[in-house]
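Here is a note for a colleague who is opening this structure for the first time. Please read it with the sequence and the model side by side.

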Amino acid sequence: MNELNILSRMVVFSMPIRRGEAERQIMVGQSQVFLRLLAGKLHETSSLFEKTYYKSKVSMMVGNGLSDEVKATLKNLRRYFNKGNKAAITAIRNLHAFHYDPEQVDVGLMKLDPRMTLDIYFDEKSANTFYGFADSVINSAVMTSIDRENHSDAFKTLLSDIERITQSFQLVLEALIEQIVMKRLPHRFTKQALSHEQAQSTEWAKIVLPTFVENPAPWSVTLHNGKVLRWGGQRVEGPKFLTSLLEKKEAR
């Protein structure tokens, strides 16, 4: 439950905001990584649920105490994951999250939008280096595994499925935790055990994951059109292997 909640928040906080092209690309990369991880976790939650709920005494102990809404949600969850790779979440898990299929690189390249730039953002700090071309290829493969013809529809399906299945598991798990606590741990919750603590919070709309850390001084290399750009208003030395290649080309 904690993992699903934290990854869900990271997906929201990492959604792209239109800034410069470099920051936009990195924000897209961050959000896609979190989406793939969340999809993988949702599938694994389903697998774990089969073992720890249906194939154990837990379902017998608390099942009858669940509401009709929760029981219906449980059925819908099993129905979704029984579709195998036809379910977007399962396809992502099997090919792009916790299990990787190297053939997906070729799939991504074949279905890559020809207008897509293939960038690498180099910096002295690894935290600021971003291989945009790899992210573009894998995202293309991810969308192809959901809908081979329409990547826009595939992305909508992925977002919709992840949101719906996450909410379903939250509903079910909260209901189960309530049942287990009421049956097994009511003596742990007493007025004498109350403690008050002031918590600090931040509005959702104000939370955005950062892209670069400290002072980035990167180069952008666009593989698609062969351009090498200095950006950010700074003249800096690029990676040694890159500057070496450029010097050799100028010498020719």
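The numbered points below go from the core to the strands, the spaces within the fold and a few single residues.

1. A word on the source comes before anything else. This is a predicted model, and the points that follow should be read with that in mind.

2. The largest nonpolar core is a good place to begin, and it holds 35 residues, of which Leu42, Ile89, Ile162, Ile165 and Phe169 touch the most other members. Helices α1 (2-13), α2, α4 (68-81), α5 (88-97), α7 (132-146) and α8 (151-184) each supply at least two residues of this core, and the largest share, nine residues, comes from α8. As a general matter, nonpolar side chains in soluble globular proteins tend to be buried together.

3. Helix α5 deserves a separate look, because nine of its ten residues are buried, and the helix is therefore largely enclosed by the rest of the structure. The buried residues are Ala88, Ile89, Thr90, Ala91, Ile92, Arg93, Leu95, His96 and Ala97, and as a group they pack against α2, α4, α6 (103-110), α7 and α8.

4. Two residues of this helix show what such packing involves. Leaving out residues up to four places away in sequence, Ile89 touches Ala39, Leu42, His43, Tyr80, Phe81, Asp161, Ile162 and Ile165; among these contacts, Leu42, Ile162 and Ile165 are also listed with Ile89 as the core residues that touch the most other members. Arg93, which also has its place in α5, counts as buried because its relative accessible area is 16%, under the 20% that sets the limit for that term. With residues up to four places away in sequence again set aside, Arg93 touches Gly40, His43, Glu44, Phe98 and His99.

5. The strands can be taken together. Strand β1 (residues 119-122) and strand β2 (residues 219-222) run antiparallel and are joined by four bridges. In this pairing Tyr121 has Ser220 of β2 as its bridge partner, while Phe122 stands opposite Trp219. Both faces of β1 are covered, with Asp119 and Tyr121 buried on one side and Ile120 and Phe122 buried on the other. Both faces of β2 are covered as well, with Trp219 and Val221 on one side and Ser220 and Thr222 on the other, all of them buried.

6. Which residues does Gln25 contact beyond its neighbours within four places in sequence? They are Thr117, Asp119, Tyr121, Phe130 and Gly132, and of these Asp119 and Tyr121 are on one side of β1. Gln25 is found in helix α2 (residues 21-54) and is buried, with a relative accessible area of 8%. The side chain of Gln25 also makes a polar contact with the side chain of Asp119, at 2.4 Å.

7. Enclosed space comes next. A search of the whole structure finds one cavity of 30 Å³ or more, and the volume of the largest cavity is about 60 Å³. The residues that line the largest cavity are Ser46, Phe49, Glu50, Tyr54, Leu74, Leu77, Arg78 and Phe169. Helices α2 and α4 each supply at least two residues of this lining, and α2 gives the most, with four residues. Phe169 also appears among the core residues that touch the most other members.

8. The open space should be described apart from the cavity. The largest pocket has a volume of about 690 Å³, and of the 25 residues that line this pocket, the closest to its centre are Val28, Met116, Asn139, Ser140 and Met143. Helices α2, α7 and α8 each supply at least two residues of the pocket lining.

9. Is Lys111 buried or partly exposed? Lys111 is partly exposed, with a relative accessible area of 29%, and is found in the loop between α6 and β1. Not counting residues up to four places away in sequence, Lys111 touches Ser140, Thr144, Arg148, Glu149 and His151; one of these, Ser140, is also listed with the residues closest to the centre of the largest pocket. The C-alpha atoms of Lys111 and Tyr100, which are eleven residues apart along the chain, are separated by 18 Å.

Definitions and conventions
Residues numbered from 1 in each chain as written. Predicted model: local features only at pLDDT ≥ 70, side-chain atom pairs only at ≥ 80, totals over all residues. Heavy atoms only, no water. Buried < 20%, exposed > 50% of the residue type's maximum accessible area, 1.4 Å probe, protein only. Polar contact = N/O pair within 3.5 Å; in protein donor to acceptor, adjacent residues only side chain to side chain. Contact = heavy atoms within 4.5 Å. Core = buried A, V, L, I, M, F, W, Y, C linked by side-chain atoms within 4.5 Å. Pairing = 2+ DSSP bridges. 1 Å grid on protein atoms, 1.4 Å probe; cavity = no way out; pocket = protein on both sides within 12 Å on 5 of 7 lines; lining within 4 Å. Points joined across faces, edges and corners; volume = space filled by probe spheres on them.
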